[in-house]
Amino acid sequence: MNLRNKFKSIYIGSVEIGAEPVIISGPCSVESEQLIVEIAKEVKSAGATILRGGAFKPRTKPESFQGLGLEGLRYLATAKAETGLPVVTEVVDVRSMEAVARVADMLQIGARNMYNYSLLKEAGMTGLPVLLKRGFSARIEEWLGAAEYIGHDKIVFCERGVRSFDQSTRNVLDLAAVALVQGRTHLPVIVDPSHGTGKRHLVEPMARAAVAAGAHGLMVESHINPDQSISDSEQTINMETLRRIVKFTKTIYHNNM
Ligand code: PEP
Ligand code: MN
């Protein structure tokens, strides 16, 4: 039996998580209106069902590109209007919550903010579904605890790797977390092999493994010109790879009953 059947179905715009594997894709950052619209069209044509793109970027150093902010949100709204794809984007601050909530169909809480309980509560109060990424040093128990702060149950967990002693990959993708969290909640779990590995050539194999492990879907960073991505270029895949990922994800998902 497909264990996924016991899960709560959550709607992100018109996309139901659970019925089909959900594939969230798009660039790390929204870079320009023209680019995000073009990428959104390609992402849709590759078969992904939700568009991602960061307008507010939590970067390791303040001198790095911080995202286009409100302008980026406007561009996401254009991409959404032009393609009909629902949008997930990160919210980093309670002060921009309202603006993000006006455009997003789902609010992303990033790894760095998983422990930011006031942000989690405020995100919950918008009533929008929340994509809750795992903190890079968070225990499963802490991740589940963070979800409780949101105050509703339209939550999708996203495993995105944890820190380890080995720096060969950006993070160590913990695929056991998928089954573990699914065993503890009735909420869906997706996997982000992009931040989980930090390496473009590892995204596809780890995406395959994630779906085989029972994930409800994936979040992958993609771009029409990955080498030109302003942020996370090393882990960003092209549209051809995205197309392949969509294809095998559907096959594995439906055979994995
Ligand atoms: C992202 O998905 O844009 C991101 C910043 O990921 P994480 O919070 O997992 O590092
Ligand atoms: Mn990124």
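Which helices and strands do the buried residues of α2 pack against? In this predicted model, the buried residues of α2 pack against two helices, α1 (33-46) and α3 (97-103), and against the strands β4 (50-52) and β5 (87-90).

The residues of α2 that are buried are Gly72, Leu73, Tyr75, Leu76, Ala79 and Thr83, and because they cover an arc of only 160° around the axis, they lie on the same side of α2. On the other side of α2, Arg74 and Ala81 are exposed. The helix itself runs over residues 70-83, and at 1.5 Å a residue its 14 residues should span 20 Å, which agrees with the 20 Å between its end C-alpha atoms. Just after α2 comes Gly84, which takes a positive phi of about 80°.

A second part of the picture is the manganese ion (ligand 2), whose protein donors, listed below, lie 2.0 to 2.4 Å from it.

| Donor residue | Donor atom |
|---|---|
| Cys28 | SG |
| His195 | NE2 |
| Glu221 | OE |
| Asp232 | OD |

Along the chain, the donors of the manganese ion (ligand 2) follow the spacing C-x166-H-x25-E-x10-D. The pair of His195 and Asp232 links distant parts of the chain, 37 residues apart, since His195 belongs to helix α7 (residues 193-197), while Asp232 sits in the loop between β10 (217-221) and α9 (239-255). Are these two donors, His195 and Asp232, buried or exposed? His195 has a relative accessible area of 8% and therefore counts as buried, and Asp232, with a relative accessible area of 12%, is buried as well, because buried means under 20%.

Key: Residues are numbered from 1 along each chain as its sequence is written. Chains are lettered from A and ligands numbered from 1 in the order in which they are written. This is a predicted model: local features need pLDDT of at least 70, side-chain atom pairs count only at pLDDT 80 or more; totals for chains, interfaces and linings use all residues. Side-chain values use heavy atoms; hydrogens and water are left out. Donors are N, O and S atoms within 2.8 Å of the metal (3.2 Å for Na, K and Ca); water is not among the atoms, so sites may look incomplete. Helices (H or I, at least four residues) and strands (E, at least two) are DSSP runs, numbered from the N terminus. Buried means under 20% relative accessible area, exposed over 50%, partly exposed in between (1.4 Å probe, protein chains only). The expected span of a helix is 1.5 Å times one less than its number of residues. The arc is that of the directions from the helix axis to the C-beta atoms. Contact means heavy atoms within 4.5 Å.
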